[in-house]
Amino acid sequence: MTLNRRNFLKGSAALGGAFALGAVLSTRGRATPEPQILTAQTTEARIAADGASPVMTYGLGDGPAGMPPTLRMRKGETFAARLVNRLDEPTTVHWHGLRIANAMDGVPEMTQPYVYPGDQFDYVFTPPDAGTFWYHPHCNTLTQMGRGLTGVLVVENPEDPVFDAEIVLNLRDWRFGAGGKFISPFKPRDAARGGTYGTLRTANWQREPIYDAPAGGLVRVRIIATDVTRIYTIGLVGADAKVIALDGNPVEHPFLLDRIDLGPGQRVDLVLRMPENEGARVALGNFRGSHPWTIAGFRSIGASLKRNLGDVVALPANPVAEADLSTAKRIPIELTATAEHKATSSICGSLGYTFWALNKVAWSGDTPDPVGPIEELKFGRSYVLEIANRTPHAHPIHLHGLSFRIQSSNKRSFLPPPTDTILLLPDERAELALIADNLGDWVIHCHIIEHQKTGMTGYFKIV
Ligand code: C2O
Ligand code: CU
């Protein structure tokens, strides 16, 4: 079988059940400026074993609401979506990792108004980079994301190699009590530490789903950590895979997967070489901590395609400009705990605690700007963020609207391609280089949502 797009599409259709769930919902071919209708809504979903749960999700058009659809768009092509809010609280959509105009970034009070119940908001943008991204609200996030509003976004590049199949895995947990009912989204003592974990772990809203894939084939697996707390350490049992992209950006030299850490907000693209024998199984596991567990499985089907992992080449790079280190201005950023307890109320929900700070300022990021930017950046200029984690916990630090390069770190030898999220390790100090090439106000925050909402947020203003 020659590999072309049509075969690829047939292949995905043949994979059946998994895809019918909405794990992959292709919108290709509808390259029209008509907005897709993305409806934030509540619905019942069967995720827990012992009862249906009142989840929040995004529905696309009039389709049935299950897991939020995987939105597909093309690099360099305009995408339009109309958020319709059928929740009973305000919301917005943030397009995590996309370097788009500030007015489309989805941060209430800062880049757009709240979208109140019954209201709508039009998002129109042209993604400059291809890769694996995701979308979620930026209002009352611990509840809204915790209850389901985390969806995958794929920006396709017609120049990408085509694989025998593609599988998208949206990894997240749920905090359920008896009967699938939601329990309190956090415990204060955990929010002041590593964050509060869910009670049920899922991939694509299922416990340990198994996906069929062509025997001996090369499968692109896009893995997205959308949980509000959990840091994964991903590994495979039963097959080899190469890492081809991290946080949406291609790695220059694809390398064999051993273990890879994935903090909330981060993504990894693998090319998995399925076993030759029909029925053979591969397990994707989480190896963090002392009790590894299975996230999802893959099963070989059909006669072997006899592909070779050695044939996997680098994906075409995204157009991320390199900072000029000789002229770059250096900006220190300190992550600390804070004892200062401020009860702030917010239209976007408040946890009622302050535990964390960026450069000694505690802000939740979805209330009116209390203090001004960490720094005003000049458009087109290079900067090095000297970021220091002065806490004993890891923090996935996400910057909106820009990509940065990890230039150096006291804790790592492998320096990944440009990224929007760095999983800053305990006591890590790193230099993050970037060019301020996108105008506007861009928040930077920890993606452990309890940390964000209890103070670990700031922003840069690019003028
Ligand atoms: Cu993925 Cu400010 O967010
Ligand atoms: Cu954090």
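Q: Where does K306 lie, and what is its phi?
A: In this predicted model, K306 lies in the loop between β19 (293–301) and β20. Its phi is near 55 degrees, a positive value in a residue other than glycine.

Q: Does K306 count as buried or exposed?
A: The idea is to count the C-beta atoms around a residue: 20 or more others within 10 Å make it buried, 12 or fewer make it exposed. K306 has 9 C-beta neighbours inside 10 Å, so K306 counts as exposed.

Q: Which loop holds D247, and why does D247 count as buried?
A: D247 lies in the loop between β14 and β15. With 26 C-beta neighbours inside 10 Å, D247 counts as buried because a residue needs 20 or more to be called so. D247 also has a positive phi, about 50 degrees, although it is not a glycine.

Q: What is the strand order in the sheet that contains β14 and β15?
A: A sheet is read from one edge to the other, strand by strand. Here the order is β10-β9-β12-β17-β14-β15, an open sheet of 6 strands with mixed pairing. At the edges are β10 (200–203) and β15 (249–256), each of which pairs on one side only. On average, neighbouring strands of this sheet are turned by 20 degrees against each other, direction ignored.

Q: How many bridges join β14 to β17, and which residue is the partner of A245?
A: Strand β14 (residues 241–246) and strand β17 (residues 267–273) run antiparallel and are joined by 5 bridges. The bridge partner of A245 is D269, in β17.

Q: What is the order of the sheet that contains β20?
A: Read in the same manner, this open sheet of 5 strands goes β21-β20-β23-β27-β25, with mixed pairing. Its edge strands are β21 (356–358) and β25 (405–409), each pairing on one side only. Strand β20 (residues 329–337) runs antiparallel to β21, and 3 bridges join them. As an example of a bridge, L335 has L358 of β21 as its partner.

Q: Which residues touch the most other members of the largest nonpolar core?
A: A core can be read as a network of buried nonpolar residues, with the best-connected members as its hubs. The largest one here has 116 residues, and L153, L169, V219, I223, L270 and L272 touch the most other members. Strand β12 (residues 218–225) gives this core its largest share, 6 residues.

Q: What is L169 in contact with, leaving aside its neighbours within four places in sequence?
A: The contacts of L169 are A203, N204, V221, R222, I223, I224 and A296.

Q: How is the chain divided into domains, and what separates the centres of domain 2 and domain 3?
A: An automatic or database assignment gives domain 1 (5–156), domain 2 (165–311) and domain 3 (329–462). The centres of domain 2 and domain 3, taken over C-alpha atoms, are separated by 26 Å. Contact between them involves 22 residues of domain 2 and 20 residues of domain 3. On the domain 2 side, β15 gives the most, with 4 residues.

Q: Why does the radius of gyration agree with a compact globule?
A: The test sets the value for the chain beside the one expected from its length. For 463 residues, a compact globule would have a radius of gyration near 23 Å; the protein chain has 21 Å, which agrees. Along its principal axes the C-alpha trace spans about 60 × 55 × 50 Å.

Q: What share of the contacts joins residues at least 24 apart?
A: Among contacts between residues at least 6 apart in sequence, the share is 76%. The chain has 5 helices and 29 strands, and 50% of its 463 residues count as buried.

How values were computed:
Residues numbered from 1 in each chain as written. Chains lettered and ligands numbered in written order. Predicted model: local features only at pLDDT ≥ 70, side-chain atom pairs only at ≥ 80, totals over all residues. Pairing = 2+ DSSP bridges. Helix = DSSP H or I, 4+ residues; strand = E, 2+ residues; numbered from the N terminus. Core = buried A, V, L, I, M, F, W, Y, C linked by C-beta atoms within 7 Å. Contact = placed C-beta atoms within 7 Å. Axes fitted to C-alpha atoms, helices over the stretch in contact; angles between N-to-C directions. Rg over C-alpha atoms; globule rule 2.2 N^0.38 Å.
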